[in-house]
Amino acid sequence: MDVIGAIKARRSINFFETGKELPDEKLRELLELANLAPSSMNLQPWEVLVVRTPERKKALRKCAFDQPKTEEASAVLILIANPGAIEENIDRVLDSWQKLGFIKPEGRGTYIGMVKTLYDSGESLKRKFFAVKNTSLYAMSIMIAAQGLGLETHPMDGFNEDAIKKEFHIPAEKIIPMLIAVGYLRRGITLLPRAFRRNSSEFVKFEDYS
Ligand SMILES: Cc1cc2nc3c(=O)[nH]c(=O)nc-3n(C[C@H](O)[C@H](O)[C@H](O)COP(=O)(O)O)c2cc1C
């Protein structure tokens with residue numbers, strides 16, 4: 001499936017084939033494809049917790065307003081945004097850029113200064129936005145790549161973040177932008193047509209906002 005086909009075919013699926021496993025290889029391929037998503041300064045502030053066993057999916061459902069898809073999908077991905085990714089990844093990013101010739105050794109300091117200016121400290125709102133926006137791009141890449149691999153998805157923010165953190169032992173300073181259910185459309189289900197989209201002319205402006 002080409003990318004335009006994948007964008008057109010993607011829907012948020014409410015009816016997953018229950019009990020159908022997502023093979024390790026396919027899951028790995030999905031996550032590797034999504035890992036090619038762009039990120040600010042290539043800092044990749046995303047993490048994923050894969051929930052696949054019936055017991056853990058049941059526990060997740062309790063934290064997600066009892067949404068059946070959390071239990072019925074083959075897997076649910078807990079997307080985690082890490083505001084601390086700057087400190088964790090900056091050296092590797094700069095090493096790679098230097099090695100590949102994107103920057104010279106003396107250019108490293110400029111990038112470190114830029115990151116500090118742009119994203120402030122670990123606790124700041126700017127830093128949280130950084131982590132969430134980039135993790136959301138990763139999430140969208142998961143959903144498009146899934147289509148290409150013959151999988152269906154459903155993003156969710158109907159969940160209690162604190163409850164998920166407690167149940168799944170996710171550190172308090174991390175953020176959960178969304179869950180993504182991944183699996184296969186249940187046999188015999190015909191989707192309703194895609195719902196209303198605004199016409200782009202309503203929200204696209206050129207050259208000036210006013
Ligand atoms: C970040 C995000 C969170 C969402 N959370 C939920 C959710 O908790 N439960 C749900 O049923 N749908 C959820 N949705 C799905 C939307 O309702 C759906 O994307 C929208 O109605 C458009 O439908 P489509 O994805 O099939 O085009 C969410 C979508 C996004 C992008």
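This briefing describes the surroundings of a ligand and the setting of one residue, Ala139, in a predicted model. Residues are numbered from 1 along each chain as its sequence is written. Because the model is predicted, local features need pLDDT of at least 70 and side-chain atom pairs count only at pLDDT 80 or more, while totals for chains, interfaces and linings use all residues, and side-chain values use heavy atoms, with hydrogens and water left out.

**The shell around the ligand**

- The residues surrounding the ligand, with a heavy atom within 4 Å of it, include Arg10, Arg11, Lys69, His154, Asp157, Gly158 and Arg197.
- By class, the shell holds two nonpolar, four polar and six charged residues, where Asp, Glu, Lys and Arg count as charged, Ala, Val, Leu, Ile, Met, Phe, Trp, Tyr, Cys and Pro as nonpolar, and the others, Gly among them, as polar.
- Strand 3 (residues 152-156) gives the most to this shell, with three residues; strands (E, at least two residues) and helices (H or I, at least four) are DSSP runs numbered from the N terminus.

**Atoms paired with the ligand**

- A polar backbone atom of Asp157 lies 2.8 Å from a nitrogen atom of the ligand, and a polar backbone atom of Gly158 lies 2.8 Å from an oxygen atom of the ligand.
- A polar side-chain atom of Arg11 is 3.2 Å from an oxygen atom of the ligand.

**Ala139**

- Ala139 belongs to helix 7 (residues 125-148).
- Ala139 is buried, with a relative accessible area of 1%, buried meaning under 20% with a 1.4 Å probe and protein chains only.
- Beyond its neighbours within four places in sequence, Ala139 is in contact (heavy atoms within 4.5 Å) with Leu79, Met178 and Ile180.

Technical notes:
A polar contact is a pair of N or O atoms within 3.5 Å; within protein, one must be able to donate a hydrogen and the other to accept it, and residues adjacent in sequence count only if both atoms are side-chain atoms. Buried means under 20% relative accessible area, exposed over 50%, partly exposed in between (1.4 Å probe, protein chains only).
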